[in-house]
Amino acid sequence: MEPLTGSSLWELIKHLRQWLANLNRAGEQRKQQSVEAVRSVIVASRSTASYLRQVRETGKPSHDTEAKLSEQWTRLGFELRDLGLIKLAKRCDISGRYWADASQLEPDFIEKADISLERMEQLARSLEAEISRR
């Protein structure tokens, strides 16, 4: 190991400063990704509510729309899990499974999972506020 000289110490300090700046940028980027993901949950919740209103008013469900909702909720589950927002990720995953085929889930399970659109939006808003405070 070579001794630390004035010039090598300066290089080490410069490297450390750059590393800390990159770490801060990565933290800000992750924060922004998290905010965007929880806002996407709100958008998905409202899209789903709109579809449910359409079904109520027309009496005509759409398998295509349900497939898109399943994909949207499932992708959100993956994205939120990658960001470490596990509780909301699990709910999104269950919603994705529900829209793919509701008959594969027991009614008791769905009730315990607490995946109502109102609850999903409430959790997303709460997480958005928490992330913004950091």
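User: What share of the 134 residues in the protein chain is buried?

Analyst: The model is predicted, and in it buried residues make up 28% of the 134 residues in the protein chain. A residue enters that share when its relative accessible area is under 20%.

User: How many helices and strands does the protein chain have?

Analyst: The protein chain has 5 helices and 0 strands. Read along the sequence, the pattern is therefore α-α-α-α-α.

User: Why is serine 45 called buried?

Analyst: Serine 45, which is placed in helix α1, has a relative accessibility of 2%. The limit for a buried residue is under 20%, so serine 45 qualifies.

User: Which residues does serine 45 touch, not counting residues up to four places away in sequence?

Analyst: Serine 45 touches Trp73, Leu117 and Glu121. With Leu117 there is also a short polar distance: a polar atom of the serine 45 side chain lies 3.2 Å from the backbone oxygen of leucine 117. The cut-off for a polar contact is 3.5 Å, so the 3.2 Å distance falls within the limit.

User: Why does arginine 91 count as buried?

Analyst: The relative accessibility of arginine 91 is 16%. That value is under 20%, and arginine 91 is therefore classed as buried. Arginine 91 belongs to helix α3, residues 86–100, where the buried residues are Leu88, Ala89, Arg91, Cys92, Ile94, Ser95, Gly96 and Trp99.

User: What does the side chain of arginine 91 reach?

Analyst: The side chain of arginine 91 reaches the backbone oxygen of alanine 113 at 3.3 Å. Because the limit for a polar contact is 3.5 Å, this distance is within the limit. Arginine 91 touches Ala113, Asp114, Ile115, Arg119, Met120 and Leu123, leaving aside residues up to four places away in sequence.

User: How do you know whether the span of α3 agrees with its 15 residues?

Analyst: The expected span is 1.5 Å times one less than the number of residues. For the 15 residues of α3 this gives 21 Å, and the end C-alpha atoms are 21 Å apart, so the two values agree.

User: What is the phi of aspartate 114, positive or negative?

Analyst: Aspartate 114 has a positive phi of about 55° although it is not a glycine. Most residues other than glycine have a negative phi. Aspartate 114 lies in the loop between α4 (107–113) and α5.

User: Why is aspartate 114 called partly exposed?

Analyst: Its relative accessible area is 29%. Since buried means under 20% and exposed means over 50%, aspartate 114 falls in between. Glutamine 122, in helix α5 (residues 117–133), is also partly exposed, because its relative accessible area is 48% and the exposed class requires over 50%.

User: How far apart in space are glutamine 122 and isoleucine 42?

Analyst: Their C-alpha atoms are 8.6 Å apart, although 80 residues separate glutamine 122 and isoleucine 42 in sequence. In the protein chain, among contacts between residues at least 6 apart in sequence, 66% join residues at least 24 apart.

User: Why is glutamate 128 called buried?

Analyst: Glutamate 128, in helix α5, has a relative accessible area of 14%. This lies under the 20% limit, so the residue is classed as buried. Not counting residues up to four places away in sequence, glutamate 128 touches Val35, Val38, Arg39 and Ile42.

User: What joins the side chains of glutamate 128 and arginine 39?

Analyst: A polar contact of 2.6 Å joins these side chains; the value is within the 3.5 Å cut-off. The C-alpha atoms of glutamate 128 and arginine 39 are 7.5 Å apart, with the two positions 89 residues apart in sequence.

User: Which residues does leucine 127 touch, not counting residues up to four places away in sequence?

Analyst: Leucine 127, likewise placed in helix α5, touches Val38, Leu85 and Leu88. From leucine 127 to valine 38 the C-alpha distance is 7.1 Å, and the two are 89 residues apart in sequence.

User: Which residues line the largest pocket?

Analyst: Its lining consists of Gly27, Glu28, Arg30, Lys31, Ser34, Leu83, Leu85, Ile131 and Arg134. Helix α1 (residues 6–58) gives the most, with 5 residues. About 150 Å³ of space lies in this pocket.

User: How do the residues of the lining of the largest pocket divide into nonpolar, polar and charged?

Analyst: They divide into 3 nonpolar, 2 polar and 4 charged. Gly27 is in the polar group because Gly counts as polar.

Conventions
Residues are numbered from 1 along each chain as its sequence is written. This is a predicted model: local features need pLDDT of at least 70, side-chain atom pairs count only at pLDDT 80 or more; totals for chains, interfaces and linings use all residues. Side-chain values use heavy atoms; hydrogens and water are left out. On a 1 Å grid over the protein atoms alone, a cavity is a set of points where a 1.4 Å probe fits but cannot get out, and a pocket is an open set with protein on both sides within 12 Å along at least five of seven lines; lining residues have an atom within 4 Å of a point. Grid points are joined across faces, edges and corners, and a volume is the space filled by probe spheres set on the points. Helices (H or I, at least four residues) and strands (E, at least two) are DSSP runs, numbered from the N terminus. Buried means under 20% relative accessible area, exposed over 50%, partly exposed in between (1.4 Å probe, protein chains only). A polar contact is a pair of N or O atoms within 3.5 Å; within protein, one must be able to donate a hydrogen and the other to accept it, and residues adjacent in sequence count only if both atoms are side-chain atoms. Contact means heavy atoms within 4.5 Å.
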